[in-house]
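Got your viewer open and a selection box ready? Let's walk through this one stop at a time.

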Amino acid sequence: MAGTGTLTPPLFVALATYASWMVLFLFGHLRDFYRKKIYGGRSAKKEKEGYAPIRQDYEDFYTRRMYYRIHDTFNRPICSAPDAWIDVMERTPVDGQKPLNLTGNTLRCLNLGSYNYLGFAAQDKYCTPRVEGVLDSLGWAGCSARADAGTTPRHEELERLIAEFLGKEAAVTCGMGFATNSAFIPLLAGRGTLVVSDALNHSSIVAGVRGSGAKVKVFDHNEPAHLEAVLRAAIAEGQPRTGRPWKKIVIIVEGIYSMEGEMARLKEIVAIKKKYKCYLYLDEAHSIGALGDGGRGVCEQLGVDTRDIDVMMGTFTKSFGSCGGYIAGDAGLIAYLRNHCPAHLYATAMSPPAVEMVISALHVIQGRDGTGRGKAKIKQLRDNSNYFRRRLLELGYDVLGDWDSPVMPVMLFNPAKLPAVSRYALSRGLAIVVVGFPATPLLTARMRVCISASHSKPDLDYALEVFEELSDRCHLKYSEEPNKQALRSSKASHLLTA
């Protein structure tokens, strides 16, 4: 499936972006130089005698000279459920490096920043009463690890439902989505193991691989041909120094890449995995619940048998409106993880109400609530996503990602446009996320739009009205014509709504 955008800016935009960074770095270092001459280094603050500075000035240059100039565009607090519309708490304007203080006022904003794909993050007529019932019977939390006294019948029911939902033998849950990768991957890969990881995999995967002690090789993002080339070379060379064969090889990819909005080219990756007898680890944090006619994720979306995926990972923090994550696979694998993973043995278990929220959401998705609301939500999400993507392309935006993906990174490129876009959008009642260096490379600053099934067409039309204003104010049309090839794609032609 072809994407709809590009990470490569036009030449003039690239030159202007590099010029912006050069000016920022130059004036930042000049200010640091004169501050050192006048104040003696650390703003006239004396360090404790005999102690090394706890923070070196040069180590947080970016934070002091760049981030603090625009930090009002990040970490905005809200005081409502993250539904289609949210209440954003107003803060005082940026004034040097002074902290931002709450004014006591709130702004009503259209929420385009939450991963609330199926709209379960707010009140739900089926889920909410059941969550309240479990809260009354089992309390706020078990205050214990799963291996001690933290397992309840609801935890066991959730794991059974997840395994059944994915077509796997068993599943184990974890109280935190990030830890599901960072704590479980070290048990699957160790010394003598080769991990072949997509270049744009999430930082939780990177943390897990680093903690495993395995040898890691990176292949170009979503490029099966380069994956195969890396595998062939690694198998031929063997382990470093000894040249012995690898004990095992694990390929790690994501279902939807959260900063690119693209789906993994899973069919081709599975074919390579089978050819070279590797294991495949699939992170479905953003795709489970959001893709496929039944919400079963990227495998259902792309027609891949889940039996061909050795380890299926996902989180409950997006489509299910809860917290935590899961690993699903063969019964023997899950039993091994239960007995050895510190996230299961020592970390606090998911709270029973959070578990019940996921169970209830699964019931709705599968139609076990006696209605068709689940399928309607999945269809609404797909229709909303494709409608919004098509309209953005027609406006001339450079939008990354695939059709049907609810994640839409919109390229800004120039860092100066991050605060301009974010502040103007907020003033017009639009809550969006902007992302720049170091979270992205220097030339690829972007804003990220997350679509939800809870958004109505008038909501999306209002957002598009603001985006049209933004494109003119901030010069965000990077081509004379929209991506006509993407608009004519067969995937778009039969899925887009009027």
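A quick rule before the first stop: the expected span of a helix is 1.5 Å times one less than its number of residues. Keep in mind, too, that what you have on screen is a predicted model.

**Stop 1: helix 12.** Select residues 352-366. With 15 residues, helix 12 should span 21 Å by that rule, and its end C-alpha atoms are indeed 21 Å apart, which agrees. Now bring back everything around the helix. Of its 15 residues, 14 are buried, so helix 12 is largely enclosed by the rest of the structure. Step just past the end of helix 12 and you land on Gly367, which takes a positive phi of about 80 degrees.

**Stop 2: the whole protein.** Zoom out and colour by secondary structure: there are 17 helices and 13 strands. The radius of gyration is 24 Å, close to the 23 Å that the globule rule gives for 498 residues, so the protein is as compact as a globular protein of that length. Along the principal axes, the C-alpha atoms fill a box of roughly 65 × 60 × 50 Å. Of the 498 residues, 53% count as buried. And if you take the contacts with a separation of 6 or more, 71% of them are between residues 24 or more positions apart.

**Stop 3: an open sheet.** Select strands 1, 2 and 11. They make an open sheet of 3 strands in the order 1-2-11, with mixed pairing. Strand 1 and strand 11 (430-431) stand at the edges with a single partner strand each, so one side of each has no neighbour in the sheet. Strand 2 (residues 102-111) and strand 11 run parallel, joined by 2 bridges. For a close-up, show Leu110: it stands opposite Leu430 in strand 11.

**Stop 4: the loop before strand 1.** Go to the loop between helix 2 (61-65) and strand 1 (85-91), where you'll find Asp72. Is Asp72 buried or exposed? At 15% relative accessibility, it counts as buried. Leaving aside neighbours within four places in sequence, Asp72 is in contact with Arg91, Val94, Leu100 and Arg423. Asn75 sits in the loop between helix 2 and strand 1 as well, but Asn75 is exposed, with a relative accessible area of 61%. Its phi is near 55 degrees, a positive value in a residue other than glycine.

**Stop 5: another asparagine.** Jump to Asn222, in the loop between strand 5 (215-219) and helix 7 (224-237). Asn222 also has a positive phi, of about 55 degrees, although it is not a glycine. Here the relative accessibility is 8%, so Asn222 counts as buried.

**Stop 6: charges on the inside.** Select Asp124 and Arg373, whose side chains meet in a salt bridge (3.1 Å, N to O). This pair links distant parts of the chain: Asp124 is in the loop between strand 2 and helix 3 (127-138), while Arg373 is in helix 13, 249 residues apart. Both Asp124 and Arg373 are buried. Now add Lys377, found in helix 13 (residues 373-394). Which side chain of opposite charge is nearest to Lys377? That is Asp124, 4.5 Å away; Lys377 is buried yet has no salt bridge. Aside from residues up to four places away in sequence, Lys377 touches Leu118, Gly119, Phe120, Asp124 and Ala453.

**Stop 7: more salt bridges.** How many salt bridges does the count come to? The total is 26. One of the pairs to show is Lys275 with Glu228, whose side chains meet at 2.8 Å, N to O. Lys275 is in helix 8 (residues 266-275) and Glu228 in helix 7, 47 residues apart. At 52% relative accessibility, Lys275 counts as exposed. Next, show Arg307, which forms a salt bridge with Asp305, with the closest N and O atoms 2.7 Å apart. Arg307 is exposed, at 65% relative accessible area, whereas Asp305 is partly exposed, at 30%. Then select Glu157, Arg160, Glu164 and Arg368: salt bridges that share partners join them into one network.

**Stop 8: a strand pair and a cis bond.** Strand 6 (residues 248-254) pairs with strand 7 in the parallel sense over 5 bridges, and Ile252 stands opposite Tyr281 in strand 7. Strand 7 (residues 279-283) is mostly covered, with 4 of its 5 residues buried. Finish at Pro438, in the loop between strand 12 (433-435) and strand 13 (445-450). A cis peptide bond joins Phe437 and Pro438, with omega about 5 degrees.

Notes. Residues are numbered from 1 along each chain as its sequence is written. This is a predicted model: local features need pLDDT of at least 70, side-chain atom pairs count only at pLDDT 80 or more; totals for chains, interfaces and linings use all residues. Side-chain values use heavy atoms; hydrogens and water are left out. Buried means under 20% relative accessible area, exposed over 50%, partly exposed in between (1.4 Å probe, protein chains only). Contact means heavy atoms within 4.5 Å. Two strands pair if DSSP finds at least two bridges between them. Lys and Arg count as positive and Asp and Glu as negative; His and the chain ends are not counted. A salt bridge is a side-chain nitrogen of Lys or Arg within 4 Å of a carboxyl oxygen of Asp or Glu. The radius of gyration is taken over C-alpha atoms; the globule rule is 2.2 Å times the number of residues to the power 0.38.
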